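I opened my notebook to look this protein up piece by piece. Here is what I wrote down as I went along.

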Amino acid sequence: MLARILPYMRCPRCAAERLERCPDGLSCPACGSAFASQDGILDMIGEDPGEVITPFQRLMQSRAVVSVYESPWRHLGYFVASSRSFSREMETVLSLAGERGDGPALDLACGPGVFTRPLARRSRGIVIGLDLSRPMLRQAARRIAEDGIPNIQLIRASAFALPFADGVFSHVNCCGALHLFDRPEKALAEIARVTRAAGGFSVQTTIRPERSAGFAYILERFIRFGFFDEAELRLLIRSHGFSIERDERHRISFTFLARRLSPDGHSPV
Ligand SMILES: C[S@@+](CC[C@H](N)C(=O)[O-])C[C@H]1O[C@@H](n2cnc3c(N)ncnc32)[C@H](O)[C@@H]1O
Ligand SMILES: [Zn+2]
């Protein structure tokens with residue numbers, strides 16, 4: 001699998017575009033960095049993530065939360081936010097990502113692979129599941145092995161320094177995470193960089209509630225669970241070179257498909 005992803009990779013430390021296979025994983029001839037691969041997870045961060053670990057991210061790295069995340073945490077959390085079932089949301093996201101063909105896809109902030117596995121089952125193309133949390137990725141690796149899915153590669157890396165060359169993905173999916181990122185604009189700039197022109201970008205995120213603003217404030221202030229303003233988010237997506245094609249709003253949950261514009265800002269035909 002590492003040989004298959006090699007053409008898409010670039011060094012997250014020095015941005016060199018040619019990585020090489022080495023006995024333990026991948027290495028960068030330009031800066032000498034080595035990235036080990038173990039139990040199906042290619043670790044491109046190592047011991048020092050160099051990231052702000054927010055209180056919510058700490059939860060995402062705790063074994064207790066990881067063990068209940070896929071069920072019931074994700075289902076209940078989504079139901080509270082949207083008043084509809086998570087299985088309906090899964091269908092929505094898969095239909096938004098449905099026209100991506102067999103090109104390489106990225107499931108950014110994949111967690112335990114809730115969306116990575118169904119995305120991979122629906123295509124012969126490779127799906128890269130990327131996350132910062134080791135426990136989440138280990139859980140993803142277990143589930144992928146149990147299900148025997150052959151076309152997924154898991155990578156530990158940061159959304160703010162994606163280890164991929166420019167314009168390699170025909171689709172990027174990012175669910176349940178954009179509002180959690182410490183620097184969403186930096187993540188969007190990286191997503192735009194790695195998505196090819198006319199490529200798709202499917203997202204499920206949260207919008208600040210009009211009522212219960214006090215509760216939202218507590219979540220944002222104390223555990224850094226964030227919310228977007230819908231109009232501002234639309235502008236942010238556009239300013240990063242995407243055009244929203246389809247969207248669905250269910251209470252505070254917002255799900256959309258955006259298309260990467262060509263570099264001159266026009267919709268590719
Ligand atoms: C709520 S989970 C979403 C998991 C899955 N995509 C889903 O929809 O259920 C958020 C994930 O974002 C990951 N994450 C947070 N900050 C990140 C960053 N800077 N880079 C990569 N992953 C990050 C967390 O580790 C966690 O697994
Ligand atoms: Zn390097």
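**Entry 1: a hairpin.** I began with strands E10 and E11, which run antiparallel and are joined by eight bridges. I should say at once that this is a predicted model. I picked out one pair and found that Arg249 has Phe254 in E11 as its bridge partner. Then I looked at the turn: two residues sit between the strands of this hairpin, and Arg251 takes a positive phi near 45 degrees there.

**Entry 2: the sheet.** Which order do the strands of the open sheet take? I traced E1-E2-E3-E4-E7-E6-E5-E8-E9-E11-E10, eleven strands with mixed pairing. E10 and strand E1 (20-22) stand at the edges; each has a single partner strand, so one side of each is left without a neighbour in the sheet. Ignoring direction, I noted that neighbouring strands are turned by 20 degrees against each other on average.

I also checked one parallel pair inside the sheet. Strand E4 (residues 41-43) pairs with strand E7 (residues 152-156) in the parallel sense, over three bridges. Here Asp43 stands opposite Arg156 in E7.

**Entry 3: helices against strands.** I went back to my hairpin and saw that H9 lies across E10 and E11, running at about 155 degrees to E10. Next I turned to helix H7 (residues 184-194), where the buried residues are Pro184, Ala187, Leu188, Glu190, Ile191, Ala192 and Val194. A reminder to myself: an α-helix has 3.6 residues a turn, so residues three or four places apart point the same way. What covers the buried residues of H7? My list includes strand E5 (105-108), strand E8 (169-175), strand E9 (195-206), helix H9 (230-239), and the hairpin strands E10 (242-250) and E11 (253-260).

**Entry 4: backbone oddities.** I found a cis peptide bond between Ser71 and Pro72, with omega at about 10 degrees. Pro72 lies in helix H3 (residues 63-82).

Ser83 caught my eye too: this residue is not a glycine, yet its phi is positive, about 60 degrees. Ser83 sits in the loop between H3 and H4. Is Ser83 buried or exposed? I wrote down exposed, because Ser83 has 11 C-beta neighbours inside 10 Å.

Ala198 is another non-glycine with a positive phi, of about 75 degrees. Ala198 belongs to strand E9, and with 13 other C-beta atoms within 10 Å it counts as partly exposed.

**Entry 5: Met90.** I located Met90 in helix H4 (residues 86-96). Met90 has 18 C-beta neighbours inside 10 Å, so I marked it as partly exposed. From Met90 I looked across to Cys110, which is 20 residues apart from it along the chain, and found 14 Å between their C-alpha atoms.

**Entry 6: the ligand.** Which residues come nearest to ligand 1? Of the 21 residues around it, I noted Ala109, Gly111, Ser133, Cys175 and Gly176. Sorting that shell gave me 13 nonpolar, five polar and three charged residues.

**Entry 7: the whole chain.** I ended with the overall picture: the protein chain has nine helices and eleven strands. Its radius of gyration is 18 Å, and a compact globule of 269 residues would have one near 18 Å, so the two agree. The C-alpha atoms fill a box of roughly 55 × 45 × 35 Å along the principal axes. Buried residues make up 40% of the 269. Among contacts between residues at least 6 apart in sequence, 62% join residues at least 24 apart.

Key
Residues numbered from 1 in each chain as written. Chains lettered and ligands numbered in written order. Predicted model: local features only at pLDDT ≥ 70, side-chain atom pairs only at ≥ 80, totals over all residues. Near = placed C-beta within 6 Å. Nonpolar A, V, L, I, M, F, W, Y, C, P; charged D, E, K, R; others polar. Helix = DSSP H or I, 4+ residues; strand = E, 2+ residues; numbered from the N terminus. Rg over C-alpha atoms; globule rule 2.2 N^0.38 Å. Buried ≥ 20, exposed ≤ 12 C-beta atoms within 10 Å, placed from the backbone. Contact = placed C-beta atoms within 7 Å. Pairing = 2+ DSSP bridges. Axes fitted to C-alpha atoms, helices over the stretch in contact; angles between N-to-C directions.
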